[in-house]
Structures are given as C-alpha cells and as structure tokens.
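User: Could you take a close look at one buried spot in this model for me, and then walk outwards to the packing elsewhere?

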Amino acid sequence: MANVTVIGAQWGDEGKGKIVDWLSERADVVARFQGGHNAGHTLVVGEKVYKLSLLPSGIVRGTLSVIGNGVVLDPWHFRDEVAKLAGQGVEITPENLQIAETCPLILPFHRDLDGLREDASGAGKIGTTRRGIGPAYEDKVGRRAIRVCDLAHLDDLDLQIDRLTAHHDALRAGFNEKPIDRAKLVADLTEIAAFILPFVKPVWLTLNKAKAAGQRILFEGAQGTLLDIDHGTYPFVTSSNTVAGTAASGTGLGPNAAGFVLGIVKAYTTRVGSGPFPTELDDATGQRLGERGHEFGTVTGRKRRCGWFDAVLVRQSIAVSGVTGIALTKLDVLDGFETLKICVGYKIGDQTFDYLPAHAQDQAKAQPIYEDIEGWQDTTAGARSWAELPAQAIKYIRRIEELIGCPVTLVSTSPERDDTILVRDPFAD
C-alpha cells in the first residue's frame, strides 16, 4: 500500500481538509510538513463542523497525527486549538499527537513584526495573516530560532536570546517599539513548556518506524503550490515550500516516502489577499461563485477573490509538485451556469504564453485566453458516483483532465465527507 501526499494545487483553500479527513480513516499516520496556524482546514463530520489551522486533519478521526519539523509552531495557539477541539469531544493526548522536537516556535514578537511590516507597506502589502509565520521562518534560516526542544532547556537560552534580541530589537526600534522584554519572554516560555513538552517526540523516528512497518502515512500540506516561496506568485506567497517535495524535508523521511501525490483543485479558482489572479471576476459571476462556494477564509474570515478555472496554473502546479492525480472539489458550485470558461493560455502584450512568467509585473498584466464549455442545469450536489453526474459535468471534468495533463482521482460534490466520488484509490498504488 502506498503513502499519499496531499497538497493544494492552486492558491490554497481548495478543500484539503475534507479530502485529508476522508483519506485519514484509511491511514495509520497523518503528518503535517510545513506552514503554521495560517492554514485553515474545515471538516464537516455529520452535524459537527471542525475548523483546524495547526493540528493535522487526521486528529478528528483519532488517527496518529504528527506535526513535522517543517512546521512553525505557536505554542499558545496550539494549546487553544487543543482546548477548542476538546470542547467538541475530540480528545488530544501524547498518544495520538506528536510534535517534532525541532519545530521553530512562533513567539509574540514575531506576530508584532508581521503586523508592523504589513501596516507600513501601504500598497505593497503581501496580505499575510499577521500570525508571525514569516518572521518565525526568517529566524529559522537565520539560525536564531527558539525551537520546541529548547523548552526543556530554558536555563540554557541566554545565548539564543542574545542572538534574537540583537536582530529583533533593531527592527523594533525602527518601528518605534520597545525592546523585547527578556524576562517576560522566559516567563511565558516557562509557563507554556509544561503543556507542550509531553507531546514532543523525535517525529522523524516515529515516521521511519511506521514506514519500516509498512504502515500507511498521509502527508498533509498547507496553503497551495501557487503560494510556494520558490514556485509561487512571488512576492505574494507564503514563507515556506508548499510543494510535495517538502513532505520529505519537513518530516525527516526520504523523498521516496511521498508515494501517491494528490493535488487538490477547485472546479474554479479562488485567492485570498494580494497578488496576481488572471481569471479573477469582479462582476456578478464572481460574486455568485463566492456566495455559492461560501468563500471566506477559515483562518482570517477574509472574503476570497473568485474566478474561472485556470488550467495553465494548475498544469504548472502539477509539474513542480509531481502530482499523480487530482481531487476536484466544489463541483456543485458550478451547477446552473449556462456557460463555463476555462483559461487555456495568457496574452501579455503581443505575446502568448502557456505558462505564467515569473516576474510580478508580467503576472499582473497577464490576460486569460478562454475556452467556453457548456454548463449543466441539473445538480451535482451530493453525488457519490459518475452515474449521478449530469453528462455535461462529466465533459467538464474530462476537458480539465486533458488541459492539465493529469487524471482526476476524486471528485467532491459537497462539504460532507461521504459526498465523494472515488475514481482511483490513492492508497492502492
């Protein structure tokens, strides 16, 4: 049985939470490998709705869940999210959740810096969630981060805090902010350490043992490929690599462990925050997509920008992440449209492109080249087999497969986990 790596193949918000939840029932371990609590995953299980942003989606099912070393962890948010789920009847213990020893911590001054920078950037705002994700990753690569394992050695933190304050106090002074209160920082870390440390394990060892035992591992990505720090629409991206290859470096397993790479793709396109969006619709059609798809960010509550399906960008995502098959979500949102459009290329000036160029100015100028396809009037909502889909909806799916060069593995027709059409079993490969 194969492992499965789930990634978003657009700008995030593709419905990864439902798909991971659907797959996690058949996995032995679910592992988050990048991002932080800026990722929003909504799970609908019966009458209950669970909103996760840091915890792996498998935790709701009781599947062993791990937070890998590629994740940046806000320990106070972690405590709050655990408490929130406990209130919904989900018990989270060191037996069903592990945190990698080497996760960098998101600290209060990271959140401060994130907000200060955004406020000072004016029209140049990136559109971050202001949760300190980027500054925490900066400290990681700057070799000054406080990591989860440091919580067990708080008496030895002086030199690390020296490095942190030397960097951050200078930045804070530029924003007319007071220096970091070292005593309060240590006191805050001391207070939270007792809650975090029972969950801390050598996750790389847990996963390697699971692999050796032939267990099925489900790797859960956050955000989307188009927000990847290297391959996304830079600078309007997140601060980590979101592509499937990060499943290896973000957990401590080799690249051969990724298995079947499942790219999650909406039947249309959305984006939160700033940045280029060639197929964006600033009209009644865009509003209709947003209203029918309930397009508001799980983490931020921000309204998502909506547009037609962009086959060029999805094809690009599939290439850089080595996607094996896609899960097409929110097909039901397109019910009732007389005509649908699919972007098959771009015009930038007098040039035509079958990919999105790297420079932000070129991306901002890209005009979509559309192909029209007939819509359908019957409903797809709740369909659980091909036989329940309108013929034209199947034609739409088949045309998407042709344009992106990748087969459809799953089709999701509502937020309910069981409203899913299984075309190919990712775990069987």
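Analyst: Sure, let's start with D21, which sits in helix α1, residues 16-24. Keep in mind that this is a predicted model. D21 has a relative accessible area of 1%, and since buried means under 20%, it counts as buried. Setting aside residues up to four places away in sequence, D21 touches L43, V45, S57, R61 and R417.

Now for the nonpolar cores. The largest one has 88 residues, and I67, F78, L189 and Y396 are those with the most contacts inside it. Helix α12, residues 391-404, gives the most to this core, with 6 residues. A second, separate core has 15 residues, and V20, W22, L262 and F427 are included in it. As background, nonpolar side chains in soluble globular proteins tend to be buried together.

L189 is worth a stop of its own. If you leave aside its neighbours within four places in sequence, L189 is in contact with W76, L105, L107, I146, L151, L154 and L157.

On to helix packing, beginning with α5 (residues 158-174) and α6 (residues 182-196). Their axes come within 12 Å and cross at roughly 125°, so α5 and α6 are oblique to each other. The crossing of α5 past α6 is right-handed. On the α5 side the contact is made by D158, I161, D162 and T165, and on the α6 side by R182, L185 and V186. By type, the residues of this α5 and α6 contact divide into 3 nonpolar, 1 polar and 3 charged.

The other pair to look at is α3 (residues 108-120) with α4 (residues 133-141). These two pack at an angle of about 120°, and their axes are 7 Å apart. The crossing of α3 and α4 is right-handed too. Here α3 brings F109, H110, L113, D114 and R117 to the contact, while α4 brings I133, P135, A136, E138 and D139. The residues of the α3 and α4 contact split into 5 nonpolar, 1 polar and 4 charged.

One last stop is P202, in the loop between β7 (200-201) and α7 (203-212). P202 has a relative accessibility of 27%, so it counts as partly exposed. From C-alpha to C-alpha, P202 and R163 are 26 Å apart in space, with their positions 39 residues apart in sequence.

Technical notes. Residues are numbered from 1 along each chain as its sequence is written. This is a predicted model: local features need pLDDT of at least 70, side-chain atom pairs count only at pLDDT 80 or more; totals for chains, interfaces and linings use all residues. Side-chain values use heavy atoms; hydrogens and water are left out. A nonpolar core is a set of buried Ala, Val, Leu, Ile, Met, Phe, Trp, Tyr and Cys residues joined through side-chain atoms within 4.5 Å. Buried means under 20% relative accessible area, exposed over 50%, partly exposed in between (1.4 Å probe, protein chains only). Helices (H or I, at least four residues) and strands (E, at least two) are DSSP runs, numbered from the N terminus. Contact means heavy atoms within 4.5 Å. Axes are lines fitted to C-alpha atoms, for helices over the stretch in contact, and angles run from 0 to 180 degrees between N-to-C directions. Angles under 35 degrees count as roughly parallel, over 145 as roughly antiparallel, 65 to 115 as roughly perpendicular and the rest as oblique. A crossing is left-handed if the near helix is turned anticlockwise from the far one by less than a right angle, and right-handed if clockwise. Ala, Val, Leu, Ile, Met, Phe, Trp, Tyr, Cys and Pro count as nonpolar, Asp, Glu, Lys and Arg as charged, and the others, Gly among them, as polar.
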